[in-house]
Amino acid sequence: MSYDLYDRVLGCLLAAGMGDGIGAPTEGLSQDEIAAEYGKAVETFEDGSQHFYSLGNDVAEVTDDASQMYEMAKEIVSCGGVMAAARAVVRWSESYPKYYPRNAGPTTSLVIEDLKNGADPIVAGMQGRRYGRGTSNGASMRVAAAGLTAVGDREKAIANAVAMSRPTHGTQHAFSGACAIACGVTEALKEDADVLSIVQACLYGARRGEEIGLATARRASAARCAASSALLPPRCRTRICPRHSTPSNTRSETALPFRRASPRQSPFSWRRTAMWKRPSSAGRTSAETPTPSPAWRGCLRAHTGARR
């Protein structure tokens, strides 16, 4: 198959819309509830018109996810920047009465009214004092255009993603997620991209997004250890620091992955250390002295340049 950039851009937007349409009828449902409702795992378009998050929707109709992504893409292509992202969010709320406020997330729903009342987008996006505000997934779900407008340029994709996130999700967690997706998208547009290179780009974006957020956005607290350990093989999860809950921008890019990382470092530094460190087994059970699998060694080696 010949390389066609237009086809890849269109495929990204179209696939996101299809995923939204397939997933809408089961949003918020457990596996047992999905099985009870549909009798199987949902792998194609289903009628979700009676489901809360897709109430009254046609089969395969999108929700706030794809519609916000579309509005954001139009503004970013047009001029870009934080103000453009703010306009896109407000325009979405005014253009899709079926989805707003019903489908607006916990962060977006709060910020939209502030923006309509003339709030500074950067200030509005950094407001806290509400559970989950600024740490939900809205920034990531609509950020595809940040990568689509920066073919093969991770730093530009990151800058775009941060600008798109600031008006609503001004925290290090949101920046991290949005930049991960943006970098993955821009890498996927390259002719020689493969699964490994895309994963590497996502990890790079996640680290850089968190760094930028810690330095320039509101530092939001969250279950950082649990989130970081989700990326580890089960045997390695016990090595995540139980005290690592305070964000810090003291992560060192040059920290060796063989020595114990400080709990004050970024969870990404801790994760690399946790997976590679081989402590003495004296006085510990096998579960407490995990041995990374060859596959994880290879992935980390490729990503960090580490050698054993």
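By class, the residues lining the second largest cavity of this predicted model comprise 4 nonpolar, 5 polar and 3 charged residues. The volume of this cavity is about 30 Å³, and a search of the whole structure returns 2 cavities of 30 Å³ or more. Its lining takes in Gly-21, Ala-24 and Pro-25, then Glu-46, Gly-48 and Ser-49, and finally Ser-54, Asn-57, Asp-58, Val-59, Ala-60 and Glu-61.

Two of these lining residues, Asn-57 and Ala-60, merit a closer look. Asn-57 sits in the loop between α2 and α3, and with a relative accessibility of 4% this residue counts as buried. Leaving out residues up to four places away in sequence, Asn-57 touches Asp-47, Ser-49, Val-62, Thr-63, Lys-98, Tyr-99 and Arg-102. One of these partners, Lys-98, lies 41 residues from Asn-57 along the chain, yet the C-alpha atoms of the two are separated by 8.9 Å. Ala-60 is likewise found in the loop between α2 (31-38) and α3. Ala-60 is partly exposed, with a relative accessible area of 32%.

The backbone offers a few points of interest as well. Most residues other than glycine have a negative phi, and most peptide bonds are trans. Against that background, Ala-60 has a positive phi of about 75 degrees although it is not a glycine. Arg-129, also a residue other than glycine, has a positive phi near 65 degrees. Arg-129 belongs to the loop between α6 (121-125) and α7 (138-141), where its relative accessible area of 85% makes it exposed. The peptide bond that leads from Tyr-100 to Pro-101 is cis, its omega being near 10 degrees. Pro-101 is placed in the loop between α4 and α5 (108-116).

For the overall fold, the picture is easily drawn: the protein has 14 helices and 0 strands, so the order of elements from the N terminus on is α-α-α-α-α-α-α-α-α-α-α-α-α-α. Of the 308 residues in the protein, 46% are buried. Among contacts between residues at least 6 apart in sequence, 63% join residues at least 24 apart.

Where do the helices meet in the largest nonpolar core? This core has 31 residues, and those with the most contacts inside it are Met-72, Trp-92, Ala-161 and Met-164. Two or more residues each come from α3 (64-78), α4 (82-95), α8 (144-148), α9 (154-165), α10 (172-188) and α11 (195-216). The greatest share is that of α10, which gives 6 residues. Two of the residues with the most contacts inside the core, Met-72 and Ala-161, illustrate how it is assembled. Beyond residues up to four places away in sequence, Met-72 touches Ala-85, Ala-88, Val-89, Arg-142 and Met-164; the last of these, Met-164, is itself among the residues with the most contacts inside the core.

Ala-161 lies in helix α9 and is buried, at 0% relative accessibility. Setting aside neighbours within four places in sequence, Ala-161 is in contact with Val-143, Ala-146, Ala-178, Cys-179 and Ala-182. Ala-161 also lies 7.3 Å from Phe-175, C-alpha to C-alpha, with the two positions 14 residues apart in sequence numbering.

The cysteines complete the description. A disulfide is a covalent bond between the sulfur atoms of two cysteines. How many disulfides does the model contain? The count comes to 0, under a cut-off that asks for two cysteine sulfur atoms within 2.5 Å. For Cys-183, the closest cysteine sulfur is that of Cys-179, and because the distance is 6.4 Å, the pair is too far apart for a bond. For Cys-202, the closest cysteine sulfur belongs to Cys-183, and at 7.6 Å this pair is also too far apart for a bond. As for their surroundings, Cys-183 is buried, with a relative accessible area of 0%, whereas Cys-202 is partly exposed, at 24%. Cys-179, the cysteine whose sulfur is closest to that of Cys-183, is also one of the contacts of Ala-161.

Technical notes:
Residues are numbered from 1 along each chain as its sequence is written. This is a predicted model: local features need pLDDT of at least 70, side-chain atom pairs count only at pLDDT 80 or more; totals for chains, interfaces and linings use all residues. Side-chain values use heavy atoms; hydrogens and water are left out. A nonpolar core is a set of buried Ala, Val, Leu, Ile, Met, Phe, Trp, Tyr and Cys residues joined through side-chain atoms within 4.5 Å. Buried means under 20% relative accessible area, exposed over 50%, partly exposed in between (1.4 Å probe, protein chains only). Helices (H or I, at least four residues) and strands (E, at least two) are DSSP runs, numbered from the N terminus. Contact means heavy atoms within 4.5 Å. On a 1 Å grid over the protein atoms alone, a cavity is a set of points where a 1.4 Å probe fits but cannot get out, and a pocket is an open set with protein on both sides within 12 Å along at least five of seven lines; lining residues have an atom within 4 Å of a point. Grid points are joined across faces, edges and corners, and a volume is the space filled by probe spheres set on the points. Ala, Val, Leu, Ile, Met, Phe, Trp, Tyr, Cys and Pro count as nonpolar, Asp, Glu, Lys and Arg as charged, and the others, Gly among them, as polar.
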